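User: I am new to reading protein models, and I would like to learn how a pair of packed helices is described. Could you take me through an example?

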Amino acid sequence: MQLPLREWLATIDQEYLGRFIAGGGAAVKFAVPHDDATRDALRIGLRRLAIDQGFAFAYVDGATTRVHMVDQIFFSVAKQVEWESLARAFLSGLLTQNGYSLPDADGDLSCRSIAASNGREELLLRSEIFRWLERAVYRDYAMTQEFRLAMISLCKGIIDPSAAPILVASVRQWLTGELRLISALKSALIFQRITRKNARHLLSSLPHWLRACGKRGLFLVVDTSRYTIATRTKDDQVYYSASAVIDGHEVLRQFVDGTDETEGCFILVLAANDFLSDPRRGINCYDALRLRISDEVRDESRPNPFASLVQLNDG
Amino acid sequence: MSRDLIPLHHWSSSMTADSAVVHARRAIEALRSGVPNRDAVSALGCHQPQIQEQFDAVLRNARTGASAGLLVEGGFGTGKSHLFVHLQQQAVAQKFVCSRVVISKETPLHDSLSVYRSACESALVPGRRGAAINEIAMRLDFRSEAYARFYEWAHSPGHALDVRFPASLYLFQRVQSDQELIDRLIRFWAGEQISVSEFKKSLKAFGQAASYPIVRAIPRSLATNYFAFAAQLIRAAGYAGWVLLIDEVELIARYPLRQRARAYAEIGRWLADSAATSYAGVVPVLALTDDFRTAVLEQKGDRETLPGRIRDSVSDDSRELADAAEKGMRAIERGGVTLRPPTPDILNDIERRVRQIHGSAYDWTPPALPSAPRMLSARIRQLLKSWITQWDLLRLDPSVQVNLQVDELNPDYTEDENLGANGDGEKTS
């Protein structure tokens, strides 16, 4: 049974984003759009909703990102995050909370500038700011240690823009999967690359950081419609083997199971039309996912807009 | 009122109204999807006194170092995962580190090192947040008796630990100022590799390379060492022990033959009575569907044919593997403790609680929903979903007539080659 897109978007807006996700909840939903037009309308609608409600929005397309690997999902999301703006917002909040006046919105947040405009000695103010960062970021165990250290580095890069610009650039490259040598991050006390082993924890740290920086959380759309394409296409779009599809379903299963450890995050998985029918690549090929999201109890004539898995038409 | 009923959970009066709503909605989202979470379990409690009693006994024995485990059986949708969340809360409350591992493609039961890594990742440490092994390591007090005992245990030849483990402990104690090496050592303890040359270089700096003659080893062969070392590390850090909850074990039915045999062998090790063949120091609780014996060991023929097929295969360890697989199958056949279906009183109590949570979540008064006669034999999972679906739809339109359709969802036990390969098509083991 299909739901009109408009009705479902209204449900997500009113019943999820506004109070639940913004209040620290987390949810993972699966949507099967009836056709490409519905898919496009859904993506546009969700983006608008998310931004209007103050969330950071990220769209990860399985055609260009290998979404069966959680580190690739993280890199794609990281490329869509405005890391410097977030760090600036966080620092602005930290300084304001501690009684400091700030320059204009896009003003200079360097220690020198803040010290000058608040009648403080730069050297002593710097020590204080680093202590605040330690308390507010390093001891915020809702985020994994590497993520905390990375965010501290980004904040320090704003406080002292000339002190370690290469380190700051390296941290951003690390986040987006583009860093060549991990040794570049030694002074940030980050010693390993982002891989499938640690990416999930970094991904679940991100919504918490977004909220600390004034956003309401993360709205993530992962498009897995390429999963049901069984033969390689001649273009350069990602092809998923049957085994890779199961890897991908396992990543999604972990998202579903991981909502307990996540706050302020809504993940929507956009699946292909034949996700429900394809026996080798759809929902039925991986029990662990099927048993979690199947609509096994439903009304005979009315679809439930709160269900884990919904089918949508362009109504 | 049945003594099995427990007091209705009241959302904490210290919570703000908004946070109470978020917790209630988290619980409803979890129940709606059939994936129990802490909020749902806290609100509904657990109505399995027999299992609770056995688990309490297991924890009591674990404090003295015993590792005898438990096998929990129940039909699909009867509350095994809900029980596990509850047991995890109980274990942590009693100062045990507790891991909950879900057997999956990424964490296959036959790959004990994957299971170890997953256990480290998922471990809850009482009173701490963050990466478990890191938090545990940071609690070590080098001057304490507990640490001294741990150090002595690690260095004692009687425990057959690979020498890299005592070496890592030696280094950890001595290089507290080298953050990078500390990071590497902690990651090693969490299941990652440190190369032989890296170990040797660090030991040489202290003139100890000869005292710890490290040689190459196949990572998977170190799995029992990892578990034993971590279990002792946890006790040295002041915790009561390590409980490992292994969920969805029935997935092993879908593995290709050899991996299935290895998975059975692992089950045998986890449920062994003897410390010589078990993962010493770790208290395991395994969850398995209650039709596994019939559907897989009997009808699929694993009991009769799997050991023979393994012995017939051309492989050095065929005989040993077949013997170990048989042990595992016997452990399953001995059976464990079975989840009890809820009594009508308990069902009514659960309905009342879920109704209250739904009301709190969405700020309305859901109607009471006695179970329709045809639902009385339904699994608890289906009942929960039926109530929540009705309330969801009634809240949107109180005039609607809800007529439910219920599909029977059952686990699939057919073999799947893709579960034995990674996404690049390579066999995982």
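Analyst: We will look first at the chain as a whole and then at one pair of its helices, bearing in mind that this is a predicted model.

User: How many helices and strands are there in chain B?

Analyst: Chain B contains 17 helices and six strands. Its radius of gyration is 24 Å, close to the 22 Å that the globule rule gives for 429 residues, and chain B is therefore as compact as a globular protein of that length. Along its principal axes, the C-alpha trace of chain B spans about 80 × 60 × 40 Å, while buried residues account for 56% of the 429 residues.

User: What describes two packed helices?

Analyst: In general, two packed helices are described by the angle between their axes and by the distance between those axes. Here, helix 3 (residues 49-62) of chain B and helix 4 (residues 80-93) of chain B have axes that come within 11 Å and cross at roughly 40°, and the crossing of these two helices is right-handed.

User: Which residues of helix 3 of chain B meet which residues of helix 4 of chain B?

Analyst: From helix 3 of chain B, the residues I51(B), Q52(B), F55(B) and L59(B) meet L83(B), H86(B), L87(B), Q90(B) and A91(B) of helix 4 of chain B. Sorted by class, this contact between helix 3 and helix 4 of chain B has six nonpolar residues, three polar residues and no charged ones.

User: What share of the contacts in chain B between residues at least 6 apart in sequence join residues at least 24 apart?

Analyst: Among those contacts in chain B, the share that join residues at least 24 apart is 75%.

Note on methods:
Residues numbered from 1 in each chain as written. Chains lettered and ligands numbered in written order. Predicted model: local features only at pLDDT ≥ 70, side-chain atom pairs only at ≥ 80, totals over all residues. Heavy atoms only, no water. Axes fitted to C-alpha atoms, helices over the stretch in contact; angles between N-to-C directions. Helix = DSSP H or I, 4+ residues; strand = E, 2+ residues; numbered from the N terminus. Left-handed = near helix turned anticlockwise from the far one by under 90°. Contact = heavy atoms within 4.5 Å. Nonpolar A, V, L, I, M, F, W, Y, C, P; charged D, E, K, R; others polar. Rg over C-alpha atoms; globule rule 2.2 N^0.38 Å. Buried < 20%, exposed > 50% of the residue type's maximum accessible area, 1.4 Å probe, protein only.
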